[in-house]
Amino acid sequence: MRTKILLIGGIGAGKTSLKQMIMNEQVSYRKTQMLDYSQVFIDCPGEYLEIPRYYHVLIDASHQVSEIWALQDATKPRTFYPPKFAKVFNKPIMGIITKVDLPNANLEQATKYLTYAGITEPFFQTSILTRQGYDPLRMRMEALNGQQSD
Ligand SMILES: Nc1nc2c(ncn2[C@@H]2O[C@H](COP(=O)(O)OP(=O)(O)OP(=O)(O)O)[C@@H](O)[C@H]2O)c(=O)[nH]1
Ligand SMILES: [Mg+2]
């Protein structure tokens, strides 16, 4: 099985942009409407996290991946992750704080939300504007690929 990573996060958290940055694709805005499988990532609409009756779709998708990346928009004054949500997945889960370039980004609050979701630090911080934070994620993705081919 090829390495796959499931991206989860609320609507507009930056899942699709993150995937495009990591894959060196052109970053263009288009709302994700359904589960979207590409070579490495499974991207999904933020509704699957925001609307609890869709949780089962995320849980099903998690069975097909080696790791989950959970995004939190640094500018959002609320979280969509229920307490200890990470524990429903039987896979490693990494926290990523997005949009750290924006003036209203609140890293402390985003860190609290991810921790509340049961995800452990360190959390990655990313920005599509300053392009910060993607190299460690690419390395992480490549390390997973390496483990897979062993
Ligand atoms: N300033 C800034 N804007 C960002 C960043 N990442 C994403 N955005 C913007 O946030 C908006 C939503 O980004 P998407 O990547 O489409 O978000 P998504 O999580 O895929 O959203 P859904 O598909 O609706 O679930 C777009 O207008 C992006 O340009 C970032 O790091 N900084
Ligand atoms: Mg999307």
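**Close-up views of a predicted model**

**View 1. Gly14, a buried glycine ahead of helix H1.** With a relative accessibility of 17%, Gly14 counts as buried, because the cut-off for that class is under 20%. Please keep in mind, here and in the views that follow, that this is a predicted model. Gly14 sits in the loop that runs between strand E1 (5–8) and H1. A useful partner to display with Gly14 is Ile97: the two are 83 residues apart in sequence, yet their C-alpha atoms are 9.5 Å apart in space.

**View 2. The magnesium ion and its two threonines.** Which atoms coordinate the magnesium ion (ligand 2)? They are OG1 of Thr16 and OG1 of Thr32, at 1.9 to 2.0 Å. Thr16 belongs to helix H1 (residues 15–22), while Thr32 is in the loop between H1 and strand E2 (36–37), so the pair ties together parts that are 16 residues apart in sequence. Are these two threonines buried or exposed? Thr16 has 17% relative accessibility and counts as buried; Thr32, at 12%, counts as buried too.

**View 3. The surroundings of ligand 1.** Here we turn to the other ligand. There are 21 residues around ligand 1, and those that come nearest are Lys15, Ser17, Lys31, Gly46 and Asp101. Sorted by class, this shell holds 8 nonpolar, 9 polar and 4 charged residues.

**View 4. Backbone atoms facing oxygen atoms of ligand 1.** Three residues are worth labelling in this view. A polar backbone atom of Gly12 is 3.0 Å from an oxygen atom of ligand 1. For Ala13, the distance from a backbone N or O atom to a ligand 1 oxygen is 3.2 Å. At Gly46, a backbone N or O atom lies 2.6 Å from an oxygen atom of ligand 1. Taken alone, ligand 1 exposes 650 Å², and the protein buries 85% of that.

**View 5. Helix H1, mostly covered.** How many of the 8 residues of H1 are buried? The count is 7, made up of Lys15, Thr16, Leu18, Lys19, Gln20, Met21 and Ile22. Beyond the helix, look for Asn24, which follows H1 and has a positive phi, near 55°.

**View 6. Arg138 of helix H5, beside the end of H1.** Arg138 is placed in helix H5 (residues 134–149). This arginine is buried, its relative accessible area being 18%. Leaving aside neighbours within four places in sequence, Arg138 is in contact with Met21, Ile22 and Asn24. Met21 and Ile22 will be familiar from the previous view as buried residues of H1, and Asn24 as the residue with positive phi that follows the helix.

**View 7. Asp36 in strand E2.** Asp36 lies in strand E2 and is partly exposed, with a relative accessible area of 30%. Apart from residues up to four places away in sequence, Asp36 touches Lys19, Phe41, Ile42 and Asp43. One of these partners, Lys19, is among the buried residues of H1. For a wider frame, add Leu6: Asp36 and Leu6 are 30 residues apart in sequence and 10.0 Å apart in space, C-alpha to C-alpha.

**View 8. Thr75 and its side-chain contact with Asp73.** Thr75 is found in the loop between strand E4 (67–73) and strand E5 (93–98). The side chains of Thr75 and Asp73 are joined by a polar contact of 2.7 Å. Further along the chain, and not counting residues up to four places away in sequence, Thr75 touches Lys99, Leu102, Asn104 and Ala105.

Technical notes:
Residues numbered from 1 in each chain as written. Chains lettered and ligands numbered in written order. Predicted model: local features only at pLDDT ≥ 70, side-chain atom pairs only at ≥ 80, totals over all residues. Heavy atoms only, no water. Helix = DSSP H or I, 4+ residues; strand = E, 2+ residues; numbered from the N terminus. Polar contact = N/O pair within 3.5 Å; in protein donor to acceptor, adjacent residues only side chain to side chain. Contact = heavy atoms within 4.5 Å. Donors = N, O, S within 2.8 Å, 3.2 Å for Na, K, Ca; no water. Buried < 20%, exposed > 50% of the residue type's maximum accessible area, 1.4 Å probe, protein only. Near = heavy atom within 4 Å. Areas by Shrake-Rupley, 256 points an atom, 1.4 Å probe, with all protein chains shown as cover. Nonpolar A, V, L, I, M, F, W, Y, C, P; charged D, E, K, R; others polar.
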